Each structure stands twice: as C-alpha cells, then as structure tokens.
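Let's take a walk through this protein together, one region at a time. Keep the sequence and the model side by side as you read.

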Amino acid sequence: MGGILGIGAKQVMAPLDQLSLEGDRLIWKTSQTKDDLKQSADYEKDNHREVSSNDYQTVGELKQSIGQ
C-alpha cells in the first residue's frame with residue numbers, strides 16, 4: 001500500500017473473507033479507509049504462512065481449506 005515503485009510501501013493483511021476473484025483479477029472489498037490501513041499493524045511475514053498457486057488454484061479453494 002502506498003509508496004512509489006515499492007519505496008516506502010507498506011504491506012497489509014487482507015482477510016480471506018474480503019477477497020474474491022473477478023475474471024483474472026483478485027479483488028479486495030473492504031470498508032477500511034486509507035487512514036485505517038496506514039494505522040494498521042505492520043505485516044510480519046514470519047507470523048503468517050505463504051500460500052502458493054501450486055497449492056490452491058482459486059481463492060475459493062483456499063477459503064474452503066481453512067473452513068471459511
């Protein structure tokens with residue numbers, strides 16, 4: 001989020017229940033404002049598992065695997 005060419009950008013977490021696919025685009029529908037996201041906790045890669053397209057072909061498959 002933010003930054004120019006990745007400089008000064010902040011990574012944020014997107015809850016799976018707010019993600020959907022529209023065509024070939026991953027869409028995040030949220031009511032959070034830009035200021036809300038700026039003030040959110042920093043994303044720490046070591047606290048979350050990485051999801052690969054080799055494991056899941058669609059967001060729906062991923063949601064189903066974790067029971068959402």
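Start at the turn of the hairpin formed by β1 and β2, where 2 residues sit between the strands and glycine 23 adopts a positive phi near 70°. This is a predicted model, so treat every position here as a prediction. The two strands that flank the turn are β1, covering residues 19-22, and β2, covering residues 25-28, and they pair in the antiparallel sense over 4 bridges.

Now look across the hairpin from one strand to the other. Leucine 21 stands opposite leucine 26 in β2, while glutamate 22 faces arginine 25 in β2. As a reminder, side chains in a regular strand alternate between the two faces of the sheet.

Glutamate 22 deserves a second look. Which residue does the side chain of glutamate 22 meet in a salt bridge? The partner is lysine 29, with an N to O distance of 3.2 Å. Side chains of opposite charge can pair when their charged atoms come close. A search of the whole structure turns up 1 salt bridge. The two partners can also be described by how much of each is accessible. Glutamate 22 counts as partly exposed because its relative accessibility is 39%, and lysine 29 counts as exposed because its value is 54%.

Where does lysine 29 sit? Its place is in the loop between β2 and α1, the helix of residues 34-39. Leaving aside residues up to four places away in sequence, lysine 29 touches Gln18, Ser20 and Glu22. With the last of these, glutamate 22, the contact between side chains also counts as polar, at 3.2 Å. If you would like another distance to check on screen, try lysine 29 and proline 15: they are 14 residues apart along the chain, and their C-alpha atoms are separated by 9.8 Å.

Another lysine is worth a visit. Lysine 10 lies in the segment before β1. Is lysine 10 buried or exposed? Lysine 10 is buried, because its relative accessible area is 17% and the cut-off for buried is under 20%. Lysine 10 and aspartate 42 are 32 residues apart in sequence, yet their C-alpha atoms are 7.5 Å apart in space.

With those details in hand, step back to the chain as a whole. The protein chain has 2 helices and 2 strands, and along the sequence they follow the pattern β-β-α-α. Of its 68 residues, 12% count as buried. The accessible surface comes to about 5,800 Å², and carbon and sulfur atoms account for 47% of that area. Among contacts in the chain with a separation of 6 or more, 50% come from residues 24 or more positions apart.

Finally, how much confidence goes with each part? The mean pLDDT of the protein chain is 75, and 71% of its residues reach 70 or more. Confidence is highest in β2, at 84, and lowest in helix α2, residues 59-65, where the mean is 69. The strand with that highest confidence is also the one that pairs with β1 in the hairpin where we began.

Notes. Residues numbered from 1 in each chain as written. Predicted model: local features only at pLDDT ≥ 70, side-chain atom pairs only at ≥ 80, totals over all residues. Heavy atoms only, no water. Salt bridge = Lys/Arg side-chain N within 4 Å of Asp/Glu carboxyl O. Buried < 20%, exposed > 50% of the residue type's maximum accessible area, 1.4 Å probe, protein only. Pairing = 2+ DSSP bridges. Contact = heavy atoms within 4.5 Å. Areas by Shrake-Rupley, 256 points an atom, 1.4 Å probe, with all protein chains shown as cover. pLDDT = per-residue confidence, 0-100. Polar contact = N/O pair within 3.5 Å; in protein donor to acceptor, adjacent residues only side chain to side chain.
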